Amino acid sequence: ARTAAVIPAAGRGVRLGPGAPKALRPLSGTPMLVHAVRAMAGSRAVSLVVVVAPPDGADEVQRLLDAYPLTGTTEVVVVPGGETRQESVRLGLAAVPDSVTTVLVHDAARPLVPVDTVDAVVAAVRDGSPAVVPALPVTDTVKRVEPRTGDRAGEPEPVVGTPERALLRAVQTPQGFDRATLAAAHEKIVLEGDGATDDAGMVERMGVEVVVVPGHEEAFKVTRPLDLVLAEAVLARRRK
Ligand code: CTP
Ligand code: MG
């Protein structure tokens, strides 16, 4: 029962603002990707980490990771990614050997996920759930809107619905899968445009049950500049 973690890290980080690819930017002096790799390797279950680098950046990412060697026995390999997250995950999965039965998919942009959350996801997959996602209750009320595009871009958007907040969960990563289930989803499910932002959603579309386990506040995604401030504050608190 080998477990591997695929870390999609090929995004540019447009919402974070201009600069290096998001995963390579420093958090308290250490690249975000290094934090994420350590978070996966910190789980005793994880014996292989596949890092999916920007399409033209695999050599640079390999050199970067060589500069931050892991202390344990976890193997790390780097592969080039694609234009969308879905494509990057597919390319990462292709580098996972057949001997692996459980696959985690973890955003490089969630560098601070605690090891207990990783372990809880792995345990739920090993207990028989083919797809497991860590999630937290939503704190903001969420509205569905009709987006304004083209000539009407910038106009106020009409609200078309308000889902009951108590029934909503905000999902995080690592998401854990039976390897064959995730591989089948990536073979069969083709989404237009930006592709899937969430692997579990692809498994849902195949009619396979996805379950939720408790997520963690520190598994938040670094997306916008304020998230960098929060992440560095979390690291400072851990060092106390
Ligand atoms: N990702 C990827 N390949 C892509 C796009 C995204 O591997 N073509 C990865 C990102 O590196 C990140 C994760 O998917 O670790 C989650 O995506 P997101 O937070 O949207 O990161 P970016 O796409 O880099 O950011 P933005 O959307 O602001 O450009
Ligand atoms: Mg993105």
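Q: How many buried residues does helix 7 count among its 15 residues?
A: This is a predicted model in which local features need pLDDT of at least 70, side-chain atom pairs count only at pLDDT 80 or more, and totals for chains, interfaces and linings use all residues. Residues are numbered from 1 along each chain as its sequence is written, while chains are lettered from A and ligands numbered from 1 in the order in which they are written. Helix 7 covers residues 225-239 and is hardly covered, its count of buried residues (20 or more other C-beta atoms, placed from the backbone, within 10 Å of their own; exposed is 12 or fewer, partly exposed in between) being one.

Q: How many helices and strands does the protein chain have?
A: The C-alpha trace of the protein chain spans about 55 × 40 × 40 Å along its principal axes, and buried residues make up 38% of the 240 residues. Counting DSSP runs from the N terminus (H or I, at least four residues, for helices; E, at least two, for strands), the secondary structure comes to seven helices and twelve strands.

Q: Why is helix 1 largely enclosed by the rest of the structure?
A: The buried residues of helix 1 include Met-32, Leu-33 and Val-34 towards its start and Ala-39, Met-40 and Ala-41 towards its end. Helix 1 is largely enclosed because its buried residues number nine of the ten.

Q: Which helix gives the largest share of the largest nonpolar core?
A: This core, a set of buried Ala, Val, Leu, Ile, Met, Phe, Trp, Tyr and Cys residues joined through C-beta atoms within 7 Å, holds 56 residues, and among the members that touch the most others are Ile-7, Leu-33, Val-37 and Met-40. Its largest share, eight residues, comes from residues 32-41, that is, helix 1.

Q: Which residues of the stretch from 49 to 52 does Ile-7 touch?
A: Contact here means C-beta atoms, placed from the backbone, within 7 Å, and residues up to four places away in sequence are not counted for Ile-7. Besides Ala-36, Val-37, Met-40, His-106 and Ala-108, Ile-7 touches Val-49, Val-50, Val-51 and Val-52.

Q: Is Met-206 buried or partly exposed?
A: Met-206 lies in the loop between helix 6 (199-205) and strand 12 (211-214), and, leaving aside neighbours within four places in sequence, it is in contact with Ala-184, Ala-185, Lys-188 and Ile-189. Ala-185 is 21 residues away from Met-206 in sequence but 6.8 Å away in space, C-alpha to C-alpha. Since Met-206 has 13 C-beta neighbours inside 10 Å, it counts as partly exposed.

Conventions. Two residues are in contact if their C-beta atoms, placed from the backbone, lie within 7 Å. The expected span of a helix is 1.5 Å times one less than its number of residues.
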